[in-house]
Structure formats: C-alpha cells, structure tokens
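Colleague: I have a little time before the seminar and would like to go through a structure with you. Could you put it up, please?

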Amino acid sequence: MKSLLQIITEKFENAFEEKGYEKKLGRVVVSNRPDLCQYQCNGAMAGAKQYHKAPIMIANEIVERLQDDTAFARVEAVMPGFINIDLSSQFVADYLNEMANTEKFGVEEQKGTVVVDYGGANVAKPLHVGHLRPAVIGESIRRIKKYMGNRTIGDVHLGDWGLQIGLIIMELKLREPDLVYFDENYTGEYPSEPPFTIKDLAEIYPAASARAKEDETFKEAARNATVKVQQEYPPYQALWRHIMNVSIPDLKKNYDDLDVHFDLWKGESDAKPYFPKLFQILEEKGISYESQGALVVDVSEDGDKKELPPCIVRKTDGAALYATSDLGTIIQRQTDFDPDEIIYLADKRQELHFTQVFRVAKKAGLVNPETKLTHIGFGTVNGTDGKPYKTRDGGVMQLDMLVSQIYDAVYQKMMENRTMEPEEAKKVSEIVGLAALKYGDLSNQAGKDYIFDVDKFASFEGNTGPYILYTIVRIKSIMDKYKAGGKQTEETEITATENKTQQALMLELTKLKEAVESASVELAPHKICAYIYDLSNSFNSFYHDTKILAEEDVKKQKGYIALLSLTKSVLETCIDLLGFQAPERM
C-alpha cells in the first residue's frame, strides 16, 4: 500500500510531466505552515529558471490540471509560485479505511535476515545504567525489523572471558586458597556446586578491580589467569563454568524485567572454534602480518581523513582480543544465518574498534560484499547535573536500582490521584514505569547523550511514555462505554468530516507507514516516538473538541468510533515496536 504522500506526489508528478516539465518537480511535502495548508509543492519555484518562466505561471498550469481531482479540497497557486494543498476529507477517510483493513496498515515489508548484537553485558557483574541503552534500543530495533518482515536473530553476545574472569579467579584465590581449583596436584572431579553466589560475585569483582588498580602484580596474575581460561586450563575452566552458571540466570531475570529477550545467549567464548579458520583466511588472503609479536591487519583506506591504526587480531601471548572474538563471531553468523545485515549496539566511543573489525571482515571476505555491518554508537545516560548517572554516594548506578526509582516515582504519582487501590496501583506502576523508562531513552536519538530525569520521565503530561499510555487508556475507556451501550465497534467506518481537529487526527494517522519504514531503514526508534507523540496530541485535541459519546447522529458517532479504533490499534502497534505495553486503566 502506498503512503498518502506517495499517492498525492504521483498526482503532482504526472501533472508536471503532462504539462511538459520534469516529473521530479512534482514532489509534495507536508506543509511547514499548517495554518495555511496541509501539504505544499514547491516544484514551480525550482523549475522557473530551468524553463525560463515565472514560477507563478508554472504553478497556475499545475493547479489548473489538478483542479477537478476529487482527492483535493483545495489546490491553490500563491505568489511567487508555491502550490498550497488541502486534501478532501472523503479521500483521507477512504485511505484510512483501506489502511485499517490492510495487514500491518499497509507497511511494505523489507525481506531479509538481520542479526542484532546487543552489545555484550559482562558476566559476573550486575547490569548497570550503561547497559540500559543497548538493551532498550536493540530490542526496539529487533522488533521493528521483525515487523517489517525480516527474519531477525537477537544475540545478547555476553562478555564471558575477558579480564573480569581472571580478576575474579585471582581474588577468589586470595580469599580461599584452599579451594581445589588452586591445588595443582588435584586430579579429581571438580565440584558441581559453585563456591560463590551471585551476591558474592557482586562483591568479589569490584574488590578485584580495585585491587588491580593498586597492585600491578595482581593485575598481571589476572591477565595470565584470563589466558589460561581461554586456553581451557581445566581448574580455571571449571571456575569459569561456575561463573557462567551463576551469572546467566541473574542476567536473564534482569533482561526479562525489561521485557528484553534474545534468540541466542552466545558469548565471546563461542567464537573460539572459528579462530583457526579466521587466522587461516587472513593468511591465505595475505593481509595479516606480525608486528612486535602480535598478529595485525592494516585497515587504512584511501580517502580516510585520518590514519587508522592496524587491527590487532591476536596478542603477543596468543590471547584473543575483542576484535578476535568479534571477527570469529562474524564467521559464525555468516555460516549459520547468511545475514543481510548485522547491527551492533555499543557505546559510541567504540567507533574505532568497529571500523577496524568491519574493514577486516570485508577485506578478508568473511561476509558477502553486500552484507551491511552497522554500529549504532549510543550516548551516555546522564544525571540532571549533566554527568554520567551515579548513585548518591557517587558509585555506578545498578540497573535494577534505576528501574526501581522510576517505578516508585510512577507509583507515587498514581497514588496522588487515588484512582485505584495500592495493590493494583503497584502492578500498573510497573507497566507504566517500564514505558516511562524505555520511552525516555528511545525518544532521544541513539547517538546523543541524554538527561535521565525521573520526575520528567514519570510525568503523565508532555512527551513521555505515561502520556502515550494514558492516551491509549482513554481511548479504551471511551470504546468500553460505547460497547456497554450495546453497540458494535466492528460495524463502524471512518467518515468524512468538517471537524478540523478530526481532520488533523486523520492526517496524522496516515503518516504511520512513513514513520515505521523510516525507523527501520535509519535504525531510529526515536522516529516512532515522535510519531506517536504527535498522534497522541492530535487525538487529545480531537477528544477535547468533540462530544464523542454524546453525539446524536448515529453515522457520525460510528465514524468517531472507527477513528478511535484505528488510533488505538496504531498506538498499540507502535508501543509494541518500542518494547512496552499499555495497562487496561491508569
């Protein structure tokens, strides 16, 4: 199904072509002066110099050609040559009725296979505020891509054998040196029960990290322990498995609480079987060489504004790096899924790393030439002071604490209104709080830092998640009251109107296709946020301007209900693409 803008643009393109002008001059855009008109075409201005005619003369020719087209309520040429356009309300109503009865509202599918890499939270460490953005943005992009008809594979891609593993092992050795894992003469089976809990790990890792900053010997021992884990030294492998078995259930719970879900729970370690093939390909292509004992690949290209350092794919001691595991994982994904695109969510400060990895992958032919490798570099979550969000004592804010803060803020606002009992309010506040959290993040462009303002995000007014949900709940309430009167919503059809706020709502609904398709192509969930905020504003203006349930004209009232039904469906579809749901009432 074509968008409304496509349809009217084609009408103008044909008019320009029929009058002897270039077709491209018929481009129509949404008016930047909605007080004057709904749409506008500035092609006559652009064509004046080319065709040696006054722009108003060209504009008048086009207006004359389209004057009798029933799609338009008004097509008017204004000095010095602009064309102002208002659509027929019946034309818009017909479009919306078709849209309501078309699968996915007429959004055109973009078939392909897309892998979404959520950035790799590290095992053995609790999720903190820095993990919010890759989880929330990644989940929304995966949902949008799936809605567009793509086969999507979401991979948590855990950081599961980096330095933090070695640090934990060495800290554990200092604390409990008598454990069998540290007895070089031990030859029996290693215990099935871990020697620590997730709570222990949450204390062990920060202590080990702090010790490494003070004690270079300890840090070097941790590095060596990490290499041993990667080389599958049995006792350290056993400890690594314990760390994984304790960490992953806790991570799953945290992600489930965010309504973020993965198809794959792979990690850096899963790339290891592909390392021999990686090194073989690099050697056969003649693009790797040794530099100071490390294996590297040059990635600089003609046209680079600054010289890029070589990509190190294997350290001097034989240990793997992030680049090694990312390249091995690309081979795995190419083998398993043959993707059209792989999307990586990671801090924008990792831009150099991904530039290097992508160039090595392309240079070595690890993926098809047409496969897109995309890094979405996101900004930081800052406090109201403009600095990275911290706890009150200055520590890193754990994600569950952040979530609790916004849930509590929503609950307090709900209890101030006293519309429901505390127990129900508590449950609803979690649904609304998750919307507040996710919308607060997603409404910002991914690459930009943003201020995490609990009071602002939890507000039921303004550009917030709760405001969007409140709009949906309001529509549900109206429709429930309509049905309670014995009337059927299925028999309704959107009708033409002279009501300006109703017309504005109808036009806003027609923009869904462009919003979703644009969000998919540009990997930009904030475009859907902007769309549903405008749609909610349009609906609420219509609601305050119109007595929907008191309308005595049955046909007109049915038209209202059909419009509400489509608005509700569109809003619910969009918030699902953003990763949250609406409660039945607020």
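Colleague: Let me start with a small detail: in the hairpin of S7 and S8, which residue takes a positive phi?

Modeller: Keeping in mind that this is a predicted model, the residue is Gln292, whose phi is positive and near 55 degrees, in a hairpin that has 2 residues between its strands.

Colleague: And how many bridges join S7 to S8?

Modeller: There are 4 bridges between strand S7, residues 288-291, and S8, and the two strands run antiparallel. One of the pairings brings Ser291 together with Ala294, its bridge partner in S8.

Colleague: OK, changing topic to the sheets. What is the order of the strands in the open sheet with parallel pairing?

Modeller: That sheet has 4 strands in the order S6-S5-S10-S11, and the twist from one strand to the next averages 20 degrees.

Colleague: Which strands stand at the edges there?

Modeller: The edges are formed by strand S6 (151-155) and strand S11 (372-378); each has a single partner strand, so one side of each is left without a neighbour in the sheet.

Colleague: What about S5, how many of its residues are buried?

Modeller: For S5 the count is 5 of the 5 residues, so this strand is largely enclosed by the rest of the structure. Both of its faces are covered, with Thr113, Val115 and Asp117 buried on one side and Val114 and Val116 buried on the other. S5 also pairs with S6 in the parallel sense over 5 bridges, and Asp117 has Asp155 as its bridge partner in S6.

Colleague: And on the other side of the order, over how many bridges do S10 and S11 pair?

Modeller: Strand S10, residues 341-347, pairs with S11 over 7 bridges, again in the parallel sense, and within this pair Ile343 stands opposite Thr374 of S11.

Colleague: Which helices lie on this sheet, then? Start with H11: which strands does it lie across?

Modeller: Helix H11, which covers residues 322-337, lies across strand S5 (113-117), S6 and S10, and runs at about 150 degrees to S5. Helix H12, residues 351-364, packs on the sheet as well, where it touches S10 and S11, and its direction makes about 175 degrees with that of S11.

Colleague: Let's stay with H12. Which of its residues are buried?

Modeller: The buried residues of H12 are His353, Phe354, Gln356, Val357, Phe358, Arg359, Val360, Ala361 and Ala364. They pack against helix H10 (275-285), strand S8 (294-297), strand S9 (311-314), H11, S10 and S11.

Colleague: How far does H12 reach from its first C-alpha to its last?

Modeller: H12 has 14 residues and reaches 20 Å, which is close to the 20 Å expected at 1.5 Å a residue. Just after this helix comes Gly365, which takes a positive phi of about 70 degrees.

Colleague: Further along there is Thr371. Where is its place, in a helix or in a loop?

Modeller: Thr371 sits in the loop between H12 and S11. With a relative accessible area of 3%, Thr371 counts as buried, because the limit for that class is under 20%. Not counting residues up to four places away in sequence, Thr371 touches Gln334, Pro339, Asp340, Glu341 and Lys362.

Colleague: By contrast, how about Lys285: what is its relative accessible area?

Modeller: Lys285, which is in helix H10, has a relative accessible area of 49% and is partly exposed. Leaving aside neighbours within four places in sequence, Lys285 is in contact with Lys363 and Ala364.

Colleague: Now the other sheet. What is the strand order where the pairing is antiparallel?

Modeller: In that open sheet the 4 strands follow the order S1-S2-S4-S3, with a twist that averages 25 degrees from one strand to the next. S1 and strand S2, residues 39-41, pair over 3 bridges in the antiparallel sense, and Val30 stands opposite Tyr39 in S2.

Colleague: Last one: at what angle do H7 and H8 pack?

Modeller: Helix H7 (residues 198-214) and helix H8 (residues 216-230) pack at about 120 degrees, with their axes 6 Å apart, and the two helices are therefore oblique to each other. The contact is made by Ala208, Arg211, Ala212 and Glu214 of H7 together with Glu216, Phe218 and Lys219 of H8, and by class it has 3 nonpolar, no polar and 4 charged residues.

Terms used: Residues numbered from 1 in each chain as written. Predicted model: local features only at pLDDT ≥ 70, side-chain atom pairs only at ≥ 80, totals over all residues. Heavy atoms only, no water. Axes fitted to C-alpha atoms, helices over the stretch in contact; angles between N-to-C directions. Parallel < 35°, antiparallel > 145°, perpendicular 65-115°, else oblique. Contact = heavy atoms within 4.5 Å. Nonpolar A, V, L, I, M, F, W, Y, C, P; charged D, E, K, R; others polar. Pairing = 2+ DSSP bridges. Expected span 1.5 Å × (residues − 1). Buried < 20%, exposed > 50% of the residue type's maximum accessible area, 1.4 Å probe, protein only.
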